[in-house]
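Let's take a walk through this protein together. Have the sequence and the 3D view open, and follow along one piece at a time.

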Amino acid sequence: MTVGQTRAWERRWDELGKQVPQLPPGPLDLDSWFGRRAPILLEIGSGMGETTSQLAKVAPELNYLAVEVYQPGLAQLLLRAEALELTNLRLLRGDAVVLFTEHLPAGSLAGVRIFFPDPWPKKKHHKRRLVQPEFVALVASRLAPGATLHLATDWANYAEQMLAVLSAEPLLRNRHADEPGGWAPRPEWRPVTKFESRARAEGRINRDLIFERVNG
Ligand SMILES: C[S@@+](CC[C@H](N)C(=O)[O-])C[C@H]1O[C@@H](n2cnc3c(N)ncnc32)[C@H](O)[C@@H]1O
């Protein structure tokens with residue numbers, strides 16, 4: 001970590017962060033941690049926190065939760081949270097699969113975002129991709145009815161996989177099934193990240209997918 005990241009970690013982690021492997025068994029008490037009850041928006045894989053911090057800033061009515069394995073990224077997000085004076089953001093370090101399986105109750109989330117998950121472009125590595133049927137079923141079960149699962153990717157092959165997996169999940173419905181291909185129009189409110197700029201520069205696609213939880 002940089003000196004700035006290390007200092008931000010020392011200053012703010014104990015207050016704003018928790019390690020997933022060290023959570024007590026059972027549901028995470030988010031109302032106490034945030035100090036209020038509000039809809040929970042969870043972002044998986046917040047990376048360096050560019051998008052996360054901006055989206056938390058423009059949605060003060062949400063309790064915004066980020067889960068990420070990469071410590072320097074979380075430290076950078078702490079720096080951004082300080083700069084933007086965020087009060088509605090909490091950070092979790094660890095594996096989203098463990099968090100969902102062990103610490104998030106069914107129907108508890110108002111939304112889940114996964115922006116530019118690692119694409120694992122080689123075919124022999126596709127099995128490492130996060131967006132797989134079992135994981136999507138797990139995420140869908142934790143969404144409240146009407147809550148959204150929003151994905152974005154700049155890899156055409158992963159986008160196709162995402163669309164196939166989400167469309168096959170009985171608890172989800174494509175909000176943009178009537179749009180060409182079933183892709184969601186790129187929301188203006190989603191900040192342009194370096195991944196997206198690079199994809200544009202290299203002439204690759206960018207796809208957004210927005211599905212919602214149905215009653216089931
Ligand atoms: C390609 S980066 C994208 C970061 C960010 N969303 C963006 O758009 O700039 C994907 C991130 O997902 C994180 N990640 C991958 N698998 C994860 C998991 N199971 N749980 C939590 N984070 C994960 C990685 O550490 C990485 O930082």
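## A pair across two strands

Start with R173, which stands opposite E212 in strand β8. Keep in mind as you look that this is a predicted model. So which strands are we in, and how do they run? β7 covers residues 172-174, and β8 covers residues 207-213. β7 and β8 pair in the antiparallel sense, with 3 bridges between them.

## The whole sheet

Now zoom out. How many strands does the sheet have, and in what order do they come? There are 8, and they go β1-β4-β3-β2-β5-β6-β8-β7. The sheet is open, and its pairing is mixed. At the edges sit β1 (17-19) and our friend β7, and each of them pairs on one side only. Leaving direction aside, neighbouring strands are turned by 20° against each other on average.

Next, find helix α3, which is made of residues 50-57. Helix α3 lies across four strands: β2 (40-44), β3 (63-68), β4 (89-93) and β5 (109-115). Line α3 up with β3 and you get an angle of about 170°.

## Around the ligand

Which residues are closest to the ligand? They are G45, E68, D95, A96 and F115, out of 13 residues that surround the ligand. You've already met the strand that E68 belongs to, since β3 spans 63-68. F115 should look familiar too, with β5 spanning 109-115.

Let's check some distances. A polar side-chain atom of E68 is 2.5 Å from an oxygen atom of the ligand. With G45, a polar backbone atom sits 2.7 Å from a ligand nitrogen atom. A96 also uses a polar backbone atom, this time 3.0 Å from a nitrogen atom of the ligand. On its own, the ligand has 600 Å² of accessible area, and the protein covers 83% of that.

## Two residues with positive phi

Finish with a couple of backbone angles. E85 isn't a glycine, yet its phi is positive, near 55°. You'll find E85 in the loop between α4 (71-83) and β4. Is E85 buried or exposed? E85 has a relative accessible area of 67%, so it counts as exposed, the cut-off being over 50%.

W120 isn't a glycine either, and its phi is positive at about 40°. Look for W120 in the loop between β5 and α6 (133-142). With a relative accessible area of 30%, W120 is partly exposed.

Definitions and conventions. Residues are numbered from 1 along each chain as its sequence is written. This is a predicted model: local features need pLDDT of at least 70, side-chain atom pairs count only at pLDDT 80 or more; totals for chains, interfaces and linings use all residues. Side-chain values use heavy atoms; hydrogens and water are left out. Two strands pair if DSSP finds at least two bridges between them. Axes are lines fitted to C-alpha atoms, for helices over the stretch in contact, and angles run from 0 to 180 degrees between N-to-C directions. Contact means heavy atoms within 4.5 Å. A residue is near a molecule or strand if one of its heavy atoms lies within 4 Å of it. A polar contact is a pair of N or O atoms within 3.5 Å; within protein, one must be able to donate a hydrogen and the other to accept it, and residues adjacent in sequence count only if both atoms are side-chain atoms. Accessible areas come from the Shrake-Rupley method with a 1.4 Å probe; for residues, only the protein chains shown count as cover. Buried means under 20% relative accessible area, exposed over 50%, partly exposed in between (1.4 Å probe, protein chains only).
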